[in-house]
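Q: I'd like some practice at reading helices, burial and surface charge from a model. Can we walk through one together?

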Amino acid sequence: MSKRLLHVITLSIITLASCTSKQEQQIQQPNPVEENPFLTEYTTPFQVPPFDKIENSHYLPAFEAGIAQQQAEIDSIVNNPATPTFENTILPYDKSGEILNRVSSIFFNMIECNSDDELQELANQILPMMSKHSDSIAMNPKLFERIDYVFQHRSEMNLNDQQIRVVEKYHNDFIRSGAGLDDEQKAELSKINEQLSTLSLQFGNNLLKENDSFKLIIDNEADLAGLPQSSIDAAAEQAKADSLEGKWVFTLSKPSLIPFLQYADNRALREKIYRGYFMRGDNNNEYDNKALANEMTKLRVRKAHLLGFDNYANYVLAENMAKDAPTVDTFLINIFNPAQELAKKELAEMQAIADAEGADFKLESWDWWYYAEKLRKAKYDFDENQIKPYLTLKNVRDGMFNAAGKLYGITFKQNKNLPVYYPDVETYEVYEPNGNFLGILYMDYYPRASKSGGAWCTSFRDSGHDINGKKIFPVISLVMNFTPAQGDTPALLNWDETETMWHEFGHSLHAFFSDGLYTRTCGNVPRDFVELPSQIMENWVAEPEVIRMYAKHYQTGEIMPDSLIEKIENSALFNQGFNTTELIAASILDMKLHEITTDEDIDIDAFEKQAMDEIGLMPEILPRYRATYFSHIFNGGYCAGYYAYTWAEVLDKDAFNYFKSSGNLFNYKLAASFRLNCLQECGNDEGMVQYRKFRGQDPEYEPYLKARGLE
């Protein structure tokens, strides 16, 4: 669905939707407006979602009422006898959707971060409804006729640059959504869209079940050899929660999985848990995702053909900075080849360590993390457990708030009285340097069975303006899966988790700063630009000057000593061959799946193997995501777009180098320019145009190559 969704619903439509008379309502039913929090504007502080009042039973009626009201709004636009103009066609369409936006932003977020069987069943009903509704608008010939009229006459209507851009964007949206197809083709496209939405939901649900169903249960203490005490304690807590007290349970959540792969001496158990991870969705059980991935791939080919493209990748990329598949393919392989050469050198160094220890085996994929840790210690005298006591969740969070303050002057004030959807979620008020309110930030830190894996930034309300020009303040949420506190020890983060928090926080800054009068362009950037605001924050987190701002020992309050900071600096290029190779391999797999030109069945496992064999991927490294658990492309918005992380990294490394070369990491003038051009007005023009406004030139590749050790 577009960000553009409904206005306030009228009482008459609510009454019609309830299918009862006024008298019957008074006698038999409570007023639906009073009963359903989605059907009126929120009365909570800052108009945050009233999570304490939202029940599962509210969702379906709210979706139904929202669909009815948006359809009424569309009818009002298309039945207007006046000549189409920006004010009577584009603007009301841009601002339609308040109720659907309100309920969608909660429902689909809860599916990901606080799901249950009832919500998943509701999604099976709601997704087809929403797909049909979206298509009924996108393929409405009378609506497109009016939009096309404004588009054709845009130069004669005295519109400003941003209004013209909005008109052009909407016209292109309608073409890409099938407005130019005949009735038979529209019906086929609508069916494809509905099928894709349902299959995507099922893919995600299967992955959630696969994550939850795997448990590595250990009852022999000797099998814990090599593990840090924090991992052992966490596994004991998990066992207690699973009614297995006295044992240790390790799961596929990253805070449990990665330390086990890094430190557990028992090689057979490392293989067992890693196989549990990389075989998700590929176990030929009720949660198997191979058939779903195959069907979605075929449907995307058919959709691309209907819309005039030879494959789905080119359909997607036409809207991105990269523009076409050959450009992305060249970009990726030119990084993959040197990255894998570096990874092979890393493997040789690790194999030498294993051989010196008397190993009688060649290293496999499940050995990489374990021997990489040994190599890091040997080369840099660096054990990540040395730094964790300095990286309490609170310190890392406060450090990033402080860094944002030094860059942009903004401040964060915790508010413990706002309603939340889960007890340990935190909320913060965000303010501009002059004290003006900027928005609300939710932070959800820890794993649970009801939450998908990974980390992401999302919104409960987007920034923008209503139809009368009144400012709408955003409500943003950061969702993560970090190692929780254990006993008297606070939540301690590893370095990857530290970078992840700052990464997602960068997305939130983009969401807070985005501004514009029109929903279609406010904060709206190409997929291969969207990771720039997030990834650039990862650069600050590792700077010694910044580390000293937040890295303080949880027991003594001592700032991390320079000796440890130097180890972090010295090991910055450590394992970059592996990290880059697995990332680019997944990006190439994504492209290969979406460069298919025929809608024939494929064997997903065989296709994946062939794709990786073609680029010569070494067997000791798997793609970061195999197809059966590649939620970015089958249950997210990154199909033919996973390359975007790397594309944007070229930008973020160049941008950060601009700050460093100025001699001031917190150069306020550069920060103001970055905020204005790449965050606030980022939707005002094409991605590279906006980047050049900040940078003054095209990005240079050297900072990226240097950061990845690929010079």
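A: Sure; bear in mind that this model is predicted. Let's start with helix length. Helix α16 covers residues 325–356, and its 32 residues should span 46 Å at 1.5 Å a residue. Its end C-alpha atoms are 45 Å apart, which agrees.

Q: What comes just after α16?

A: Look at G358, which takes a positive phi of about 90 degrees there.

Q: How far does α14 reach from its first C-alpha to its last?

A: Run the check again: α14 (residues 290–306) has 17 residues and reaches 25 Å, close to the 24 Å expected. Just after α14 there's another glycine to look at, G308, with a positive phi of about 90 degrees.

Q: Why is α14 described as largely enclosed by the rest of the structure?

A: Count the buried residues, meaning those under 20% relative accessible area. In α14 that's 13 of the 17, so the helix is largely enclosed.

Q: Is M537 buried or exposed?

A: Buried, with a relative accessible area of 1%. You'll find M537 in helix α20, residues 532–541. Try comparing sequence and space here too: M537 and R397 are 140 residues apart in sequence, yet 13 Å apart in space, C-alpha to C-alpha.

Q: And the surface charge: which residues gather in a patch of negative charge?

A: Those are D182, D183, E184 and E188. Of these, take E188: this residue lies in helix α10 (residues 183–213) and is partly exposed, with a relative accessible area of 38%.

Notes
Residues are numbered from 1 along each chain as its sequence is written. This is a predicted model: local features need pLDDT of at least 70, side-chain atom pairs count only at pLDDT 80 or more; totals for chains, interfaces and linings use all residues. Side-chain values use heavy atoms; hydrogens and water are left out. Patches are made of residues with over 30% relative accessible area and no salt bridge: like charges are joined within 9 Å, nonpolar side chains (Val, Leu, Ile, Met, Phe, Trp, Tyr) within 5 Å. Accessible areas come from the Shrake-Rupley method with a 1.4 Å probe; for residues, only the protein chains shown count as cover. A salt bridge is a side-chain nitrogen of Lys or Arg within 4 Å of a carboxyl oxygen of Asp or Glu. Lys and Arg count as positive and Asp and Glu as negative; His and the chain ends are not counted. The place of a charge is taken as NZ of Lys, CZ of Arg, CG of Asp or CD of Glu. Helices (H or I, at least four residues) and strands (E, at least two) are DSSP runs, numbered from the N terminus. Buried means under 20% relative accessible area, exposed over 50%, partly exposed in between (1.4 Å probe, protein chains only). The expected span of a helix is 1.5 Å times one less than its number of residues.
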